[in-house]
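Labels like "buried" or "roughly parallel" can seem to come out of nowhere. Let's see where they come from, one label at a time.

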Amino acid sequence: MKDHLKRILWVFSTKVLVPSDLVGCIKPANYLNMKKAVLYPETDIDELLNNTNPKIIIFGKCLHENMIKLAAQAKKKNIITISCFNDWHFNALSTKQEKQFKLNYKLFKKSDYVVVKTNYAKEIIRLNLGSNSHVIPDCLRFNGLEIPESFQNDLEILWFGAPTNHDTLLKGLDEIEEKKIKINVNVVSIISDSIIQELNDKNFQYIGIRLFPFSDKTLLNLALQSKAIIIPLINDHARHVKSSNRIIDSLNFGRFLIKSYTDANREFDKYCYV
């Protein structure tokens, strides 16, 4: 078994830790002690293949054309290609989404197998591309925490996520404010001037907000302090094939999880307050 694992190569578009790559690719590769490589736009593909000699290449998120060139060269050498897809945009609303869709589609055409994170993502890809993909959920990235024994009056809740999810954070806070619920919300994310300004403009009367730059340590500490986690979601095409890593992490923390209903991630609804 170990000899087979040595012939598998995981390839990533960037050294920046994309959350879906981390929980869907990097963690499993580390656990199984598989080879990993970062493929830059200028990376020499033949040199990479000669140095690693893989039988199987597993692709993380595709961010540039050199990933497609590697897949094409792998096919010529009868190397099995597997793609782990997120962020499909079948109804692209921006140049960035359209670019990502085109990259995904090109790599999809060069892939022997496609892996997605949820049953709904599989269905969306089947309906749009006529292809059956394989569902492998994200792995756990943290150890579990003890479940809180009680809820206090001054409820501390947690929201965490990438800047691409800040619109859902604002949506969730608006809903809480409308219900006049007094609550303290800890936000763990990449904190930008933009999100600070948007939160200031809201001028919430019932919600106290504290912002924390993202790190694993900060997230774990605040999850431990919090009694509940909120994951407001928007039911649009951009979220239909997103990674479910935040839902999995929240359930693993043992916290009361409040999430929006969406077509995606429905397999988790029975474990959440929806």
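What follows is a set of questions and answers about this predicted model.

Q: Why is Asn 245 called buried?
A: Buried means under 20% relative accessible area. Asn 245 sits at 8% relative accessibility, so it counts as buried. You'll find Asn 245 in helix H10 (residues 245-252). Leaving out residues up to four places away in sequence, Asn 245 touches Pro 19, Val 23, Asp 138 and Arg 141.

Q: What makes Lys 109 count as exposed?
A: The cut-off for exposed is over 50%. Lys 109 has 54% relative accessibility, so it gets the label exposed. Lys 109 belongs to helix H5. Its C-alpha atom is separated by 9.4 Å from that of Ala 72, with the two residues 37 apart along the chain.

Q: Why is Asn 53 called partly exposed?
A: Partly exposed lies in between buried, under 20%, and exposed, over 50%. Asn 53 has a relative accessible area of 45%, so partly exposed is the label that fits. Look for Asn 53 in the loop between H3 and E3.

Q: What is the phi of Asn 53, and what is there to notice about it?
A: Phi of Asn 53 is near 50°, a positive value in a residue other than glycine. Most residues other than glycine have a negative phi. Asn 78 has a positive phi too, near 60°. Asn 78 lies in the loop between H4 and E4. With a relative accessible area of 70%, Asn 78 is exposed, because exposed means over 50%.

Q: How do you know that H4 and H5 are roughly parallel?
A: Two packed helices are described by the angle between their axes and the distance between the axes. H4 and H5 pack at an angle of about 5°, with their axes 9 Å apart. Angles under 35 degrees count as roughly parallel, and therefore H4 and H5 are called roughly parallel to each other.

Q: Which residues of H4 and H5 meet?
A: From H4 come Glu 65, Met 67, Ile 68 and Ala 71, and they meet Leu 103, Lys 106 and Leu 107 in H5. Sorted by class, this contact has five nonpolar, no polar and two charged residues.

Q: Why are E9 and E11 said to stand at the edges of their sheet?
A: This open sheet has five strands in the order E9-E8-E7-E10-E11, with parallel pairing. Strand E9 (207-213) and strand E11 (256-259) each have a single partner strand, so one side of each is left without a neighbour in the sheet. On average, neighbouring strands of this sheet are turned by 25° against each other, direction ignored.

Q: How do you know that E7 and E10 pair?
A: Two strands pair if there are at least two bridges between them. Strand E7 (residues 156-160) and E10 have two bridges, in the parallel sense, so they pass the cut-off. Leu 158 has Ile 229 in E10 as its bridge partner. For E10 and E11, which run parallel, there are four bridges, and Ala 228 stands opposite Phe 256 in E11. Strand E8 (residues 183-189) pairs with E9 over seven bridges.

Q: What makes both faces of strand E10 covered?
A: Ala 228 and Ile 230 are buried on one side of E10 (residues 228-231), and Ile 229 and Ile 231 are buried on the other.

Q: What are the edge strands of the six-strand sheet?
A: The order in this open sheet is E2-E1-E3-E4-E5-E6, and the pairing is parallel. Strand E2 (35-38) and strand E6 (134-135) are the edge strands, since each pairs on one side only. Inside the order, E3 and strand E4 (residues 80-84) pair over four bridges, with Ile 56 and Ile 80 as bridge partners.

Q: How many residues does the largest nonpolar core have, and where do they come from?
A: The largest nonpolar core has 29 residues, and those with the most contacts inside it are Val 11, Ile 57, Phe 59, Leu 70 and Leu 107. Among the elements that supply at least two residues each are strand E1 (8-12) and helix H5 (95-109). H4 gives the largest share, five residues. There's also a second, separate core of 16 residues, including Leu 158 and Cys 272.

Terms used:
Residues are numbered from 1 along each chain as its sequence is written. This is a predicted model: local features need pLDDT of at least 70, side-chain atom pairs count only at pLDDT 80 or more; totals for chains, interfaces and linings use all residues. Side-chain values use heavy atoms; hydrogens and water are left out. Axes are lines fitted to C-alpha atoms, for helices over the stretch in contact, and angles run from 0 to 180 degrees between N-to-C directions. A nonpolar core is a set of buried Ala, Val, Leu, Ile, Met, Phe, Trp, Tyr and Cys residues joined through side-chain atoms within 4.5 Å. Buried means under 20% relative accessible area, exposed over 50%, partly exposed in between (1.4 Å probe, protein chains only). Angles under 35 degrees count as roughly parallel, over 145 as roughly antiparallel, 65 to 115 as roughly perpendicular and the rest as oblique. Contact means heavy atoms within 4.5 Å. Ala, Val, Leu, Ile, Met, Phe, Trp, Tyr, Cys and Pro count as nonpolar, Asp, Glu, Lys and Arg as charged, and the others, Gly among them, as polar.
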